[in-house]
Amino acid sequence: HGTTPPNFIKNIITEDLKSGKVNKVITRFPPEPNGYLHIGHAKAIWVNFTLADEFGGRTNLRFDDTNPLKEDVEYVNSIKEDVKWLGFEWEELHFASDYFEEMYNRAVLLIKKGKAYVDDQTAEQIRETRGTLTEPGSNSAFRERSVEENLDLFTRMRAGEFKNGEKVLRAKIDMTSPNINLRDPVIYRISHAKHHNTGDAWCIYPMYAFAHPLEDAIEGVTHSLCTIEFEDQRPFYDWVIAETEMSAEPHQYEFGRLNVETMVTSKRKLKLLVDEGYVDGWDDPRMPTISGLRRRGYTPEAIKNFVFEAGISKAQGTVDLAMLEHFIREDLKMKAPRTMAVLDPLKVVITNYPEGQSEMLEAENNSENPEMGNREIPFSREIYIEREDFMENPPSKYFRLFPGNEVRLKHAYFIKCNDVIKDAEGNVVEIHCTYDPETKSGTGFTGRKVKGTIHWVDAASAVPAEFRLYEPLISSADEEEELDGEETAKVEAKTFLDQVNPNSLEIVKGFVEPELAEAKPHDKFQFFRHGYFNVDPKVSKPGAPVFNRIVSLKSSFQL
Ligand code: ATP
Ligand code: MG
Ligand code: MG
């Protein structure tokens with residue numbers, strides 16, 4: 001999709017262009033480099049890039065790096081990689097930290113205009129005097145400091161004369177405003193910390209709510225698109241643009257977050273999963289990160305079709321995971337070769353097949369896409385089938401292999417079960433069958449019919465492989481609503497670890513067709529009955545392939 005479906009932001013942009021309020025649409029995707037991007041960010045990326053593009057506009061990638069404690073170049077690099085992988089090209093690459101000097105000057109301007117003051121209250125005192133939804137806040141004792149004193153103190157804050165938390169700079173607006181965000185919000189704080197980009201140049205940092213509108217204005221962003229939790233921040237956004245006398249006038253518009261059933265979309269919680277060792281890094285195939293989805297085997301097309309379907313509106317709901325799975329099946333249906341893998345092997349000896357002999361059988365690569373051609377697969381006296389495809393005492397309606405029954409081997413022959421070999425404990429270890437050469441696949445044999453078809457691999461040439469099967473990491477993910485910089489949810493994040501599914505990863509060992517020995521990272525296959533799989537880019541080795549199950553074949557999802 002090169003466009004977005006009909007939506008309210010598109011209507012606004014159309015109007016803005018028509019009225020001449022805007023000549024060229026400029027948007028930005030503004031991640032904070034404090035973690036890897038997740039499926040929710042894929043929506044924000046798609047919204048920003050696609051909306052600008054469909055109006056001939058452009059989109060910047062901007063790192064909102066105003067909090068040195070949490071940010072890192074590792075995150076910067078992963079974010080760039082993920083945006084590119086999704087197929088988007090940014091026009092300009094910026095770091096909010098490149099604007100620190102300009103932001104500082106705008107803060108000084110506010111002080112000079114009597115619109116900002118240095119407050120000595122602690123963070124706790126500031127929180128306590130902020131009031132509530134029903135009660136107004138109260139003025140700080142430091143609110144009436146003179147412009148000269150404020151300028152002096154702010155200069156000394158920058159010079160490093162004070163410790164963390166000793167002073168802050170606050171906008172001077174209205175402590176009785178019905179909108180709590182306008183009750184003299186903090187706009188600068190002291191943080192003696194090394195910044196990934198500016199190093200030790202600064203020990204004061206702008207707060208997100210002050211920095212963001214300035215970043216947008218500096219870059220000439222016309223439509224600043226963000227998620228709905230920022231709605232109450234919009235009046236302050238507009239206040240900053242007006243009072244700092246920026247020449248450009250960006251406007252903020254909010255759309256609903258994307259929440260996906262069982263997927264955690266809080267970077268803080270995802271980081272906890274990584275830090276506490278619940279997963280093998282940010283790109284663990286169970287993670288709802290872009291890198292995790294990529295390693296799992298999702299494609300950019302599937303992700304983009306998914307966010308398109310989820311749409312752009314103000315409504316926030318939780319989308320079924322089944323919808324995301326639907327789009328990866330759709331994308332791989334015609335592209336992925338369909339081959340045979342046995343995940344839980346049971347040996348079958350075909351007693352009437354000559355020992356030491358083998359043959360090559362012709363198999364189509366994708367029954368729905370003849371363009372994918374054919375391959376040859378070896379067949380000989382011993383094969384592996386799926387353990388669940390044999391039952392000694394089957395219930396009625398079981399059409400697979402059981403003593404006396406005949407089934408079709410996919411791409412090969414009919415075989416009939418004659419004997420069951422057991423070990424001392426009575427476990428079935430081997431099945432003895434006979435095959436009928438007349439029934440060879442592709443020869444048009446119609447002599448008799450069988451009800452079951454099962455898959456198999458040739459024991460002599462099959463390649464041992466590892467399969468990683470997944471269940472959701474979290475049984476049900478809460479919708480995320482916290483604002484940036486809010487630390488109140490910290491405790492809640494810890495208890496969320498209790499919801500981690502201990503059975504989210506199952507590793508099984510089996511066999512694949514010999515061709516797959518040399519499968520390359522990110523090669524994708526449909527294994528009959530088991531679903532779609534991706535060759536793991538980290539642990540798979542030539543000769544010892546490892547396959548991540550992207551999704552099973554079954555689907556109850558209807559568009
Ligand atoms: P955190 O979990 O640390 O609060 P964040 O979700 O705020 O992270 P940012 O890096 O600030 O992450 O997000 C960049 C952009 O992505 C923002 O504009 C944000 O609104 C958007 N975004 C984040 N999560 C979602 C989501 N679930 N759905 C849609 N957009 C999202
Ligand atoms: Mg954020
Ligand atoms: Mg956030």
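Two strands pair if DSSP finds at least two bridges between them. With that in hand, let us walk through this predicted model, beginning with a pair of strands towards the end of the chain.

**A hairpin and its parallel neighbour**

Strand β19 covers residues 414-422, and its pairing with β20 is antiparallel, with 8 bridges. If you would like a spot to look at, find valine 420, which stands opposite isoleucine 431 in β20. The two strands form a hairpin with 5 residues between them. Within this hairpin, glycine 426 takes a positive phi near 90 degrees.

Strand β20 (residues 428-436) also pairs with β14 (residues 345-350), this time in the parallel sense and over 4 bridges. Here isoleucine 350 stands opposite cysteine 433 in β20. Strands of a sheet pair through backbone hydrogen bonds, either parallel or antiparallel.

**How the chain is divided**

The protein chain is split into domain 1, residues 8-255, and domain 2, residues 341-454. Between the C-alpha centres of domain 1 and domain 2 there are 65 Å.

**A parallel sheet of three strands**

Moving to the start of the numbering, you will find an open sheet of 3 strands in the order β1-β2-β3, with parallel pairing. The edges are taken by β1 (26-29) and β3 (93-95); each has a single partner strand, so one side of each is left without a neighbour in the sheet. From one strand to the next, the twist averages 35 degrees.

Strand β2 (residues 58-63) is joined to β3 by 3 bridges in the parallel sense. One residue pair to look for is leucine 61 with its bridge partner in β3, leucine 93.

**An antiparallel sheet of four strands**

A second open sheet has 4 strands in the order β4-β5-β6-β7, and its pairing is antiparallel. At its edges stand β4 (116-119) and β7 (204-206), each with a single partner strand, so one side of each is left without a neighbour in the sheet. Neighbouring strands of this sheet are turned by 20 degrees against each other on average, direction ignored.

Inside the order, β5 (residues 168-171) and β6 (residues 186-190) pair in the antiparallel sense over 3 bridges. Valine 168 has arginine 189 as its bridge partner in β6.

**Helices across the sheets**

Three helices lie across the strands of these sheets, as listed here.

| Helix | Residues | Lies across | Angle |
|---|---|---|---|
| α2 | 39-54 | β1 and β2 | about 160 degrees to β1 |
| α7 | 208-219 | β1, β2 and β3 | about 140 degrees to β2 |
| α4 | 100-112 | β4, β5, β6 and β7 | about 95 degrees to β4 |

**Around ligand 1**

Helix α2 comes up again at the ligand: with 4 residues, α2 gives the most to the shell around ligand 1. Which elements give two or more residues to this shell? They are α2, β8 (223-227) and α9 (267-275).

The surroundings of ligand 1 comprise 17 residues, of which Pro31, Gly40, Ala44, Thr227 and Lys267 come nearest. Sorted by class, the shell around ligand 1 holds 5 nonpolar, 6 polar and 6 charged residues.

**How far to trust the model**

The protein chain averages a pLDDT of 95, and 96% of the residues score at least 70. One stretch to treat with care is residues 482-488, where the pLDDT is below 50. Beyond near neighbours in sequence, this stretch has 6 contacts in the model. Where pLDDT is low, the predicted coordinates should not be read in detail. The scores for the model are ipTM 0.96 and pTM 0.94.

Key:
Residues are numbered from 1 along each chain as its sequence is written. Chains are lettered from A and ligands numbered from 1 in the order in which they are written. This is a predicted model: local features need pLDDT of at least 70, side-chain atom pairs count only at pLDDT 80 or more; totals for chains, interfaces and linings use all residues. Axes are lines fitted to C-alpha atoms, for helices over the stretch in contact, and angles run from 0 to 180 degrees between N-to-C directions. Two residues are in contact if their C-beta atoms, placed from the backbone, lie within 7 Å. pLDDT is the predictor's confidence in each residue, from 0 to 100. A residue is near a molecule or strand if its C-beta atom, placed from the backbone, lies within 6 Å of it. Ala, Val, Leu, Ile, Met, Phe, Trp, Tyr, Cys and Pro count as nonpolar, Asp, Glu, Lys and Arg as charged, and the others, Gly among them, as polar. Domain bounds come from an automatic or database domain assignment.
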